[in-house]
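Please open the model in a viewer and keep the sequence panel at hand. The tour below proceeds by selections, each followed by a description of what is found there.

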Amino acid sequence: MRGVLDSSGRAAPRAGGNIRTERDGGYGEYAADIAIRAGYAYIARGSFGVSIMDARDPARIRPLSAFAMPPDAESYEDLLDARIVAVQGTTLFVVAESMGYYENGVGGLWALDVTDPANPAVFADPWRVGWV
């Protein structure tokens with residue numbers, strides 16, 4: 001669980017809600033990176049992929065979507081670690097890399113359309129546009 005500060009009153013930030021990032025029986029509380037844009041939190045969670053949370057009301061943060069990296073992974077051996085997230089407009093950029101103990105590739109940069117944060121859609125990845 002991660003705590004959130006409400007900084008809307010910049011002179012006196014106050015405690016907001018919590019972001020629950022656990023999945024699969026409580027594993028995966030790890031957050032490698034967090035980007036905030038327009039009230040949504042985009043969380044890189046290592047081998048657990050990326051979570052998108054609605055944080056427009058800091059006291060009532062709720063999950064919207066979560067996906068593995070790459071989003072079309074078919075098995076655990078195919079997974080990459082989501083390490084860095086950044087948002088520009090309605091595009092979410094995710095940097096993912098090999099988890100080290102599997103020789104599943106080197107990773108790369110994904111771009112997802114988050115016009116609807118509850119339903120992100122990949123529109124560019126290293127396998128379609130070349131290695132980044």
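A contact here means heavy atoms within 4.5 Å. On that definition, residues 24 or more positions apart account for 34% of the contacts in the chain with a separation of 6 or more. The model is a predicted one.

**The whole chain**

Begin with everything selected and a cartoon display. The chain contains ten strands and one helix, and their order along the sequence is β-β-β-β-β-β-β-β-β-β-α. Switch next to a surface display. The accessible surface of the chain amounts to about 7400 Å², and carbon and sulfur atoms contribute 52% of it. Of the 132 residues in the chain, 39% are buried.

**From β3 to β5**

Select Ala38, in the loop that lies between β3 (33-37) and β4. Although Ala38 is not a glycine, its phi is positive, at about 55 degrees. Is Ala38 buried or exposed? Ala38 is exposed, its relative accessible area being 66%.

Move on to Arg45, which is located in the loop between β4 (40-44) and β5 (50-54). Arg45 counts as buried, because its relative accessibility of 2% falls under the 20% limit. Display its side chain together with that of Ser51: a polar contact of 3.1 Å joins the two side chains.

**The salt bridges**

How many salt bridges does a search of the whole structure find? The search finds five. Three of these sites merit separate selections.

Select Asp54 and Arg62 first. Their side chains meet in a salt bridge, with an N to O distance of 3.2 Å. Asp54 is buried at a relative accessible area of 6%, whereas Arg62 is partly exposed at 43%. Now add Arg56 to the selection: Asp54, Arg56 and Arg62 are linked in a network of salt bridges.

Select Asp57 and Arg60 next. These residues form a salt bridge in which the closest N and O atoms are 3.1 Å apart. Arg60 counts as exposed, because its relative accessibility of 61% is over the 50% limit. Asp57 is partly exposed, with a relative accessible area of 34%.

Then select Asp81 and Arg83. Their salt bridge places the closest N and O atoms 2.8 Å apart. Asp81 counts as buried at 9% relative accessibility, while Arg83 counts as partly exposed at 28%. Both residues lie in strand β7 (residues 81-88), where the tour continues.

**The strands β7 to β10**

Keep β7 selected and add strand β8 (residues 91-97). The two strands pair in the antiparallel sense over seven bridges. To see the register, label Val85: its bridge partner in β8 is Val94. Then centre the view on Gly89. The hairpin of β7 and β8 has two residues between the strands, and Gly89 takes a positive phi near 65 degrees there.

Extend the selection to strand β9 (residues 107-113). β8 and β9 run antiparallel and are joined by seven bridges. Two pairs can be labelled to follow this pairing: Ala96 stands opposite Gly108 in β9, and Glu97 has Gly107 in β9 as its bridge partner. How much of β9 is covered? β9 is mostly covered, since five of its seven residues are buried, that is, under 20% relative accessible area.

Finally, add strand β10 (residues 121-124). β9 and β10 pair in the antiparallel sense over three bridges. Label Asp113 to locate this pairing: its bridge partner in β10 is Ala121.

**A closing view**

Leave β7, β8, β9 and β10 displayed together. With this selection, one can follow the antiparallel pairing from β7 to β8, from β8 to β9, and from β9 to β10. Within the same view, Asp81 and Arg83 may be shown as sticks to display their salt bridge again.

Terms used. Residues numbered from 1 in each chain as written. Predicted model: local features only at pLDDT ≥ 70, side-chain atom pairs only at ≥ 80, totals over all residues. Heavy atoms only, no water. Salt bridge = Lys/Arg side-chain N within 4 Å of Asp/Glu carboxyl O. Buried < 20%, exposed > 50% of the residue type's maximum accessible area, 1.4 Å probe, protein only. Pairing = 2+ DSSP bridges. Helix = DSSP H or I, 4+ residues; strand = E, 2+ residues; numbered from the N terminus. Polar contact = N/O pair within 3.5 Å; in protein donor to acceptor, adjacent residues only side chain to side chain. Areas by Shrake-Rupley, 256 points an atom, 1.4 Å probe, with all protein chains shown as cover.
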